[in-house]
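Hi,

Here is the structure I promised to pass on. Have a look at it first, and then read my notes underneath.

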Amino acid sequence: MGLDLGQERARAVRALDNLLALIEEAERDLEQAQARLEGLLPLRVVWKKKTCGNDKCRCTRGALHGPYPYLIEHREGKKIEHYLGKGWTPPEGAIAPERYNALMQDFKSKRTRLERLMGYLDEAVEVMRRY
Ligand SMILES: [Zn+2]
């Protein structure tokens, strides 16, 4: 009986060590995912060639102006284009929204994983308190 309890205890300690190692790993993963998001700015920018409105201009015969950058915004289901100006260059950290969303999904799933592991740790501590 005493031996069984000793084995039981050793198993519990091993399980707890494994859990703590998993938590450490999950924390590192989460930090990395967070670092990848740091300073990023999701921007939807498209470059378009345009006509200028002058009906004597070459652009009326297909030689369009540009390309010029436009910021695309979706507001209340409508797509709005904002002209960014001829000399515009992307700010540091500008990234396509799809890429940003993928990184954000990764971050969130890693945070969820860490929270789940922390939940197991809470349960383990609770169980151990009963002994
Ligand atoms: Zn023109």
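**What I found**

The chain splits into two parts: domain 1 takes in 20–42 + 95–131, and domain 2 covers 44–89. Between the C-alpha centres of domain 1 and domain 2 there are 41 Å. Keep in mind as you read on that this is a predicted model.

Now the sheet. It is an open one, made of 3 strands in the order β2-β3-β4, with antiparallel pairing. β2 and β4 are the edge strands, each pairing on one side only. From one strand to the next, the twist averages 45°. If you want to follow the pairing by eye, β2 and β3 run antiparallel to each other over 5 bridges. One handle on the β3 side is His-65, the bridge partner of Lys-50.

Lys-50 is also worth a click for its side chain: Lys-50 lies over the face of Tyr-70, 4.7 Å from the ring centre. Tyr-70 in turn belongs to one aromatic cluster together with Tyr-68 and Tyr-83.

On to the rings. The structure holds 3 aromatic pairs, and here are two of them.

Trp-47 and Trp-88 have ring centres 6.1 Å apart. Their planes stand at 50°, and planes have to be over 60 degrees apart to count as edge-to-face, so this pair is tilted. It links distant parts of the chain: Trp-47 is in strand β2 (residues 45–50), while Trp-88 is in the loop between β4 (78–83) and β5 (94–95), and the two are 41 residues apart. Trp-47 has 47% relative accessibility, so it counts as partly exposed.

Tyr-68 and Tyr-83 make an edge-to-face pair, with 6.0 Å centre to centre and 80° between the planes. This pair also links distant parts of the chain, with Tyr-68 in strand β3 (residues 65–75) and Tyr-83 in strand β4, 15 residues apart.

So how do those two tyrosines fare for accessibility, buried or exposed? Tyr-68 counts as buried because its relative accessibility is 19%, and the cut-off for buried is under 20%. Tyr-83, with a relative accessible area of 44%, is partly exposed.

If you only open one view, I'd go for the Lys-50 corner: you get its bridge partner His-65 in β3 and the ring of Tyr-70 under its side chain.

Cheers

Conventions
Residues numbered from 1 in each chain as written. Predicted model: local features only at pLDDT ≥ 70, side-chain atom pairs only at ≥ 80, totals over all residues. Heavy atoms only, no water. Phe/Tyr/Trp six-rings, centres within 6.5 Å; stacked < 30°, edge-to-face > 60°. Helix = DSSP H or I, 4+ residues; strand = E, 2+ residues; numbered from the N terminus. Buried < 20%, exposed > 50% of the residue type's maximum accessible area, 1.4 Å probe, protein only. Lys NZ or Arg CZ within 6 Å of the ring centre and 35° of its normal. Pairing = 2+ DSSP bridges. Axes fitted to C-alpha atoms, helices over the stretch in contact; angles between N-to-C directions. Domains from an automatic or database assignment.
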